[in-house]
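The exercises below are meant to be worked with the sequence and the coordinates open side by side. Each one sets a task and then goes through a solution step by step.

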Amino acid sequence: MTAPSAVKAALTSQSLETPSWAYGNSGTRFKVFAQSGVPRDPREKLDDAAQVHRHTGIAPAVALHIPWDRVDDYAALARYAKERGLRLGAINANVFQDDDYKLGSVCHPDAAVRRKALGHLMECVDIMDATGSRDLKLWFADGTNYPGQDDIRGRQDRLAEALAAVYERLGDDQRMLLEYKFFEPAFYSTDVPDWGTAYAHCLRLGPKAQVVVDTGHHAPGTNIEFIVAVLLREGKLGGFDFNSRFYADDDLMVGAADPFQLFRIMVEVVGGGGFTPDVAFMLDQCHNIEPKIPAIIRSVMNVQEATAKALLVDRDALATAQANGDVLGANAVLMDAYNTDVRPLLAELREENGMGPDPMAAYARSGWAEQIVEQRKGGQQAGWGA
């Protein structure tokens, strides 16, 4: 098994990006439950994100969602983040909440609606220029509810046209990350329903277009680690949106539903050369009933623990067992790593870096939760409502 010192050395390079919207009031289509102390603007979201990074040490980036995080001066927001030891990460577009998008956005049959959606995507690239963000993350709710409602191939043509226009607008150091989801909200057909569709569009566009894998966006039983392995092999894995789901919807804390799946994914990431800054590790979560900051801290810890276990895999022993057709031996190598309790190792790593060994306990002792409840009285809490 890999030496603990080597694992700790590798973990020092890990960096996770937390989502701004997870700090606000969020939830499901059923209900969004408001909580005390929730941020009222993007700066207060960054204040909370700084607490996550303070206690975990590996969450220095914050993704923005436009228009949820719209401000007058994005360069100033980037400076505000830097003052708190953070940086602004991916810019997430929103072309699914306006009434005009009832029949789609960039795939809409009406050219005027498509122009509106494309204009928003271009605005997001402008924001990237101001914030210094590398990644534009695109998820489209576009689809149809009934057979015959629209031309499926025609919608793919419209999608390709919009993506090509955005691609041409990107700077040399910027990327487009295309997300997929097999259903929701459309009932009959979704325009980007799977990794193959996203990959086909990205392949045609070029090297600045990459696929992002949202771990909650798959049908039950899908082998997500296979998808990860193939995309890594093709050089098209741009990043992850880490979360969990049990049935249909997603956005629970990562690792909550199947921590062994998270480990298996990280085994492929480490083994496939994906443990680099070129693969963005992002959370995409909506915390409905749990306190926001502790839930994000827990998710960051879950990713870190799965990564540590993946780094512990004895790759030489695994390769030998595989080459010899030793089915049980190969499986045992993985299970030995998975069943290792890495929490003491991670506690040591945190203490070596001047942090408390237990981020959850350290945050609870900090008094931040009580402080923001007192300070953030009045005003309009951030959130997307339901």
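**Exercise 1. A helix and its two ends**

Which residue just after α7 takes a positive phi? Then describe the N-terminal end of α7, and work out how its buried residues are arranged around the axis.

*Solution.* Keep in mind throughout that the model is predicted.

Step 1. Just after α7 the residue with a positive phi is G235, at about 70°.

Step 2. At the N-terminal end the cap is N223, which places a side-chain oxygen 3.4 Å from the backbone nitrogen of E225.

Step 3. Helix α7 runs over residues 224-233, and its buried residues are I224, E225, I227, V228, L231 and L232. Viewed down the axis of α7, these buried residues fall within an arc of 155°, so they line one face of the helix. The spacing agrees with a general rule: an α-helix has 3.6 residues a turn, so residues three or four places apart point the same way.

Step 4. The cover over the buried residues of α7 includes the helices α6 (195-205) and α8 (259-271), together with the strands β8 (209-214) and β9 (237-242).

**Exercise 2. An aromatic pair and its cluster**

Classify the geometry of the pair formed by F240 and F281, and decide whether each of the two residues is buried or exposed.

*Solution.* Step 1. A search of the whole structure yields eleven aromatic pairs. In the one formed by F240 and F281, the centres are 5.9 Å apart and the planes stand at 85° to each other, which makes the pair edge-to-face.

Step 2. This pair links distant parts of the chain, since F240 belongs to strand β9 and F281 to strand β10 (residues 280-283), 41 residues apart.

Step 3. The cut-off for a buried residue is under 20% relative accessible area. F240, with a relative accessible area of 0%, is therefore buried, and F281 also counts as buried, at 5% relative accessibility.

Step 4. The two rings belong to one aromatic cluster formed by F240, F242, F275 and F281.

**Exercise 3. A glutamine in a loop**

Locate Q14, determine whether Q14 is buried or exposed, and list its contacts beyond its neighbours in sequence.

*Solution.* Step 1. Q14 lies in the loop between α1 (4-11) and β1 (16-19).

Step 2. The relative accessible area of Q14 is 4%, so Q14 is buried.

Step 3. With the neighbours within four places in sequence left aside, the residues in contact with Q14 are I58, F275, F281, V303, Q304 and T307. Among them, T307 is joined to Q14 by a polar contact of 2.9 Å between the side chains. F275 and F281, also on that list, are members of the aromatic cluster of Exercise 2.

**Exercise 4. Backbone angles in the loops**

Which peptide bonds, one ending at P67 and one at P185, are cis, and what is the sign of phi at E184 and at D251?

*Solution.* Step 1. As background, most residues other than glycine have a negative phi, and most peptide bonds are trans.

Step 2. The bond from I66 to P67 is cis, with omega near 20°, and P67 is found in the loop between β2 (61-65) and α3 (74-83).

Step 3. The bond from E184 to P185 is likewise cis, with omega near 0°; P185 is placed in the loop between β6 (175-179) and β7 (189-190). E184 itself has a positive phi, near 90°, and counts as buried at 13% relative accessibility.

Step 4. D251, which is not a glycine, has a positive phi of about 85°. D251 sits in the loop between β9 and α8 and is buried, with a relative accessible area of 14%. A248 is placed in the loop between β9 and α8 as well, but at 39% relative accessibility A248 counts as partly exposed.

**Exercise 5. The chain as a whole**

Compare the radius of gyration of the chain with the value from the globule rule, and state what share of its residues count as buried.

*Solution.* Step 1. The chain contains 14 helices and ten strands. Its radius of gyration is 21 Å, close to the 21 Å that the globule rule gives for 386 residues, so the chain is as compact as a globular protein of that length.

Step 2. Of the 386 residues, 54% count as buried.

Step 3. Taking contacts between residues at least 6 apart in sequence, 79% join residues at least 24 apart.

Notes. Residues are numbered from 1 along each chain as its sequence is written. This is a predicted model: local features need pLDDT of at least 70, side-chain atom pairs count only at pLDDT 80 or more; totals for chains, interfaces and linings use all residues. Side-chain values use heavy atoms; hydrogens and water are left out. Buried means under 20% relative accessible area, exposed over 50%, partly exposed in between (1.4 Å probe, protein chains only). Helices (H or I, at least four residues) and strands (E, at least two) are DSSP runs, numbered from the N terminus. The arc is that of the directions from the helix axis to the C-beta atoms. Contact means heavy atoms within 4.5 Å. A polar contact is a pair of N or O atoms within 3.5 Å; within protein, one must be able to donate a hydrogen and the other to accept it, and residues adjacent in sequence count only if both atoms are side-chain atoms. Rings of Phe, Tyr and Trp (its six-membered ring) pair if their centres lie within 6.5 Å; planes under 30 degrees apart count as stacked, over 60 as edge-to-face and the rest as tilted. The radius of gyration is taken over C-alpha atoms; the globule rule is 2.2 Å times the number of residues to the power 0.38.
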